[in-house]
Amino acid sequence: MSYKASVQCYIGLGSNLNNPLQQLYTAKEKIAALPDIRLQQCSSIYQSQALTLDGEPQNDYFNAVFEIQTTLEPEPLLDALQQLENEQGRVRDKRWGARTLDLDVLLYGDQQIKTSRLSVPHIEMEHRSFVLMPLFQIAPDIKIPGKQTLKKLLEKNCDQVLQKVNEFNGTA
Ligand code: A4P
Ligand code: MG
């Protein structure tokens with residue numbers, strides 16, 4: 001990592017294709033190996049039913065959240081994550097379609113970002129217990145800019161069924 005100031009970020013991981021647990025383990029190794037990123041914390045892995053847009057059934061998802069420190073600006077961070085998605089065989093056919101690996105920028109420091117490529121905080125995160133729960137596990141006091149406390153958001157989404165299924169063997 002260079003001596004540029006680094007920013008604390010949270011990345012959401014999701015997979016529901018081609019051995020999702022292995023996809024997440026591979027993603028962890030690849031993220032930890034990126035030169036401008038330091039992997040600080042990994043949540044447990046949680047399983048949940050796929051949220052879909054078209055009602056077509058999909059395999060269950062496995063989700064997790066990582067805390068990283070990075071010297072990358074927001075869009076170069078997105079580029080690096082999308083390259084990892086591509087390396088793990090991500091095919092973008094339809095929105096919210098099944099995927100080998102999805103890497104979302106949930107939070108980038110305390111910044112609110114709105115560009116053609118990036119909305120941060122991630123636009124859907126406040127409605128998703130499969131994001132809020134793993135985030136709460138590793139950063140219970142984190143502030144989500146422009147939103148209620150994480151605890152309040154979790155209470156609002158408490159009807160979503162989520163099962164903790166695996167660990168990443170502690171921190172990186
Ligand atoms: N983009 C904008 N903001 C961001 C951000 N904060 N992080 C843009 C990452 N990308 C961001 O994403 C489409 C475009 O969103 C990107 O090119 C980027 O410029 P994509 O990954 O290609 O497509 P997508 O993932 O299908 O769309 P979207 O809207 O990002 O979907 P989500 O929010 O990722 O939801 N059910 C369960 N149980 N668990 C899941 O993880 N995930 C989804 C997908 C649906 N159902 C799920 C889950
Ligand atoms: Mg995505």
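## A briefing on the fold, core and ligand shell

In this predicted model, strand 3 (residues 45-48) and strand 8 (residues 163-166) run antiparallel and are joined by 3 bridges. Strand 3 is also joined to strand 4 by 3 bridges, again in an antiparallel arrangement. Strand 4 is worth keeping in view, as it comes back below in both the nonpolar core and the shell around ligand 1.

**Overall build**

- The protein contains 4 helices and 8 strands, and along the sequence they follow the pattern β-α-β-β-β-α-β-β-β-α-α-β.
- With 172 residues, the protein has a radius of gyration of 15 Å, close to the 16 Å of the globule rule, so it is as compact as a globular protein of that length.
- The C-alpha trace spans about 45 × 35 × 35 Å along its principal axes.
- Of the 172 residues, 33% count as buried.
- Among contacts between residues at least 6 apart in sequence, 71% join residues at least 24 apart.

**Strand partners**

- Tyr46 has Lys164 in strand 8 as its bridge partner.
- Gln47 stands opposite Phe62 in strand 4.

**The nonpolar core**

- The largest nonpolar core has 38 residues, and Cys9, Ile11, Ala64, Val65, Phe66, Val105 and Leu106 have the most contacts inside it.
- Strand 4 (residues 61-70) supplies the largest share of this core, with 6 residues.
- Ile11 makes a good landmark for your viewer: leaving aside neighbours within four places in sequence, Ile11 is in contact with Val65, Phe66, Ile68, Leu81, Leu103, Asp104, Val105 and Leu106.

**Helix 3 and its surroundings**

- Helix 3 (129-138) is largely enclosed by the rest of the structure, because 7 of its 10 residues are buried.
- The buried residues of helix 3 are Ser129, Phe130, Val131, Leu132, Met133, Pro134 and Leu135.
- What covers these buried residues includes strand 1, strand 3, strand 4, strand 5 and helix 4 (150-156).

**Around ligand 1**

- Ligand 1 is surrounded by 21 residues, and the closest are Gly14, Leu51, Tyr61, Asp104 and Arg117.
- Strand 4, strand 5 (102-108) and strand 7 (119-120) are the elements that each give two or more residues to this shell.
- Strand 5 gives the most to the shell, with 3 residues.
- By character, the shell divides into 9 nonpolar, 6 polar and 6 charged residues.
- Asp104 links two of our topics, being among the closest residues to ligand 1 and also in contact with Ile11.

**Backbone spots to look at**

- Most residues other than glycine have a negative phi, and most peptide bonds are trans.
- Asn19 has a positive phi of about 60 degrees although it is not a glycine. Asn19 sits in the loop between strand 1 (7-15) and helix 1 (20-33), and counts as exposed because it has 12 C-beta neighbours inside 10 Å.
- Trp96, another residue other than glycine, has a positive phi near 65 degrees. Trp96 is found in the loop between helix 2 (74-87) and strand 5, and with 14 other C-beta atoms within 10 Å it is partly exposed.
- The peptide bond from Val120 to Pro121 is cis, with omega near -5 degrees. Pro121 lies in the loop between strand 7 and helix 3.

Note on methods
Residues numbered from 1 in each chain as written. Chains lettered and ligands numbered in written order. Predicted model: local features only at pLDDT ≥ 70, side-chain atom pairs only at ≥ 80, totals over all residues. Core = buried A, V, L, I, M, F, W, Y, C linked by C-beta atoms within 7 Å. Buried ≥ 20, exposed ≤ 12 C-beta atoms within 10 Å, placed from the backbone. Contact = placed C-beta atoms within 7 Å. Near = placed C-beta within 6 Å. Nonpolar A, V, L, I, M, F, W, Y, C, P; charged D, E, K, R; others polar. Pairing = 2+ DSSP bridges. Rg over C-alpha atoms; globule rule 2.2 N^0.38 Å.
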